[in-house]
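Work through these exercises with the model in view. Try each task before you read its solution.

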Amino acid sequence: MPAEAVRGFGTWFFKRKGELFARQMAQSPKHPATWERKGSELFRARAVRSNRNVRDLPGRLFREIRRVRGKVIYVGVQKTATPSEHHANGLYSAMLREAIWRLDQFCEAEGGPQAKFFLALDEYSGRDELLTQVSRDMYGGTDPRRALIEPPFHLESHRYQTVQAADWIAALIGRLGAYWVEPAVWPENEVFQRYYGERLKQVRVRSGIRREGTLG
């Protein structure tokens, strides 16, 4: 998202969240500016089918991103390892580094050497190792990440509207990705494809879900 659009987008998101959750926010002891609802709790198949306010919100979100000349970039992978063999931190690191590479390539292709970006992330337990790896990617090797201004910032999501918006988008893409890769396993997620599949295509760039070693 262009830097000059970030403040206005955060305000827009805060207002839409306040409209949808006015009662819950009024009843909460938290200040409205720090109240949040996680996307994984909000965007469930049943809620999308039965609650029009919830169902319409992602479309409005994607339209606003387009209006301010923003883009959505995502990278995902089909998990094939058993729970005992699954290495969550390693997977997170690999996918984030892939996303940073794509963001770097996007900036270079769209804006040339003058295009730069910051990256803000939700809090993450493995941040020290991750930041070390990203710093190596920035400054070392034959293909440094020239557009990345600094290693990613880790922020408390309840204090940042833009991080909450990213969380909502990630939740939607998680539902969509599960359906794209294994529709027979996740038939309930068809509702996400029906309402948001084409709308996501309008804002996404350099994105994909890796299916058992192949990027799709």
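**Exercise 1: Across two helices**

Glu19 is partly exposed, with a relative accessible area of 49%. The class follows from the cut-offs: buried is under 20%, exposed is over 50%, and partly exposed is in between (1.4 Å probe, protein chains only). This is a predicted model, so local features need pLDDT of at least 70, side-chain atom pairs count only at pLDDT 80 or more, and totals for chains, interfaces and linings use all residues. Residues are numbered from 1 along each chain as its sequence is written, and side-chain values use heavy atoms, without hydrogens or water.

*Task.* Which residue forms a salt bridge with Glu19, its closest N and O atoms 4.0 Å apart?

*Solution.*
1. Recall the rule: a side-chain nitrogen of Lys or Arg lies within 4 Å of a carboxyl oxygen of Asp or Glu.
2. Arg60 is the partner, and the closest N and O atoms are 4.0 Å apart.
3. Now place both ends. Arg60 sits in helix H5 (residues 52–67) and Glu19 in helix H1 (residues 3–20), so the salt bridge ties together parts that are 41 residues apart in sequence. Helices (H or I, at least four residues) and strands (E, at least two) are DSSP runs, numbered from the N terminus.
4. Check the cover of Arg60. Its relative accessible area is 33%, which makes Arg60 partly exposed.

**Exercise 2: Count and connect**

*Task.* How many salt bridges does a search of the whole structure find, and which residues are joined into one network by shared partners?

*Solution.*
1. Start with the total. The whole structure holds 13 salt bridges.
2. Take one of Lys38. Lys38 pairs with Glu36, with the closest N and O atoms 3.6 Å apart.
3. Look at the cover. Lys38 is partly exposed at 26%, and Glu36 is partly exposed at 24%.
4. Take another pair. Glu41 and Arg37 meet through their side chains in a salt bridge, 3.8 Å from N to O.
5. Check these two as well. Glu41 has a relative accessible area of 43% and is partly exposed. Arg37, at 24%, is also partly exposed.
6. Now look for shared partners. Arg16, Glu19 and Arg60 are joined into one network by salt bridges.

**Exercise 3: Rings that meet**

*Task.* How many aromatic pairs does the search find, and what are the distance and angle between Phe118 and Phe153?

*Solution.*
1. Set the rule. Rings of Phe, Tyr and Trp (its six-membered ring) pair if their centres lie within 6.5 Å; planes under 30 degrees apart are stacked, over 60 edge-to-face, and the rest tilted.
2. Count. There are eight aromatic pairs in the whole structure.
3. Read off one of them. Phe118 and Phe153 are 5.6 Å apart, centre to centre, with 55 degrees between the planes, and the pair is tilted.
4. Place the rings. Phe118 lies in the loop between helix H6 (88–111) and strand S2 (120–122), while Phe153 lies in strand S3 (residues 153–155), so this pair ties together parts that are 35 residues apart in sequence.
5. Check the cover. Phe118 is exposed at 51%, whereas Phe153 is partly exposed at 40%.
6. Go on to another pair. Phe192 and Tyr196 are also tilted: 6.3 Å centre to centre, 45 degrees between the planes.
7. Both rings belong to helix H9 (residues 190–201), where Phe192 and Tyr196 are four residues apart, about one turn of the helix. Phe192 and Tyr196 are both buried.
8. Finish with a cluster. Phe13, Phe43 and Trp168 are linked by ring pairs.

**Exercise 4: Three arginines in loops**

*Task.* What is phi near in Arg69 and in Arg206, and is Arg145 buried or exposed?

*Solution.*
1. Begin with the background. Most residues other than glycine have a negative phi.
2. Arg69 has a positive phi, near 65 degrees. Arg69 lies in the loop between H5 and strand S1 (75–77) and is exposed, at 58%.
3. Arg206 has a positive phi too, near 50 degrees. Find Arg206 in the loop between H9 and strand S4 (208–211). Arg206 is partly exposed, at 39%.
4. Arg145 lies in the loop between helix H7 (127–139) and S3. At 13% relative accessibility, Arg145 is buried.
5. List what surrounds Arg145. Leaving aside neighbours within four places in sequence, Arg145 is in contact (heavy atoms within 4.5 Å) with Ile100, Trp101, Asp104, Asp137 and Met138.
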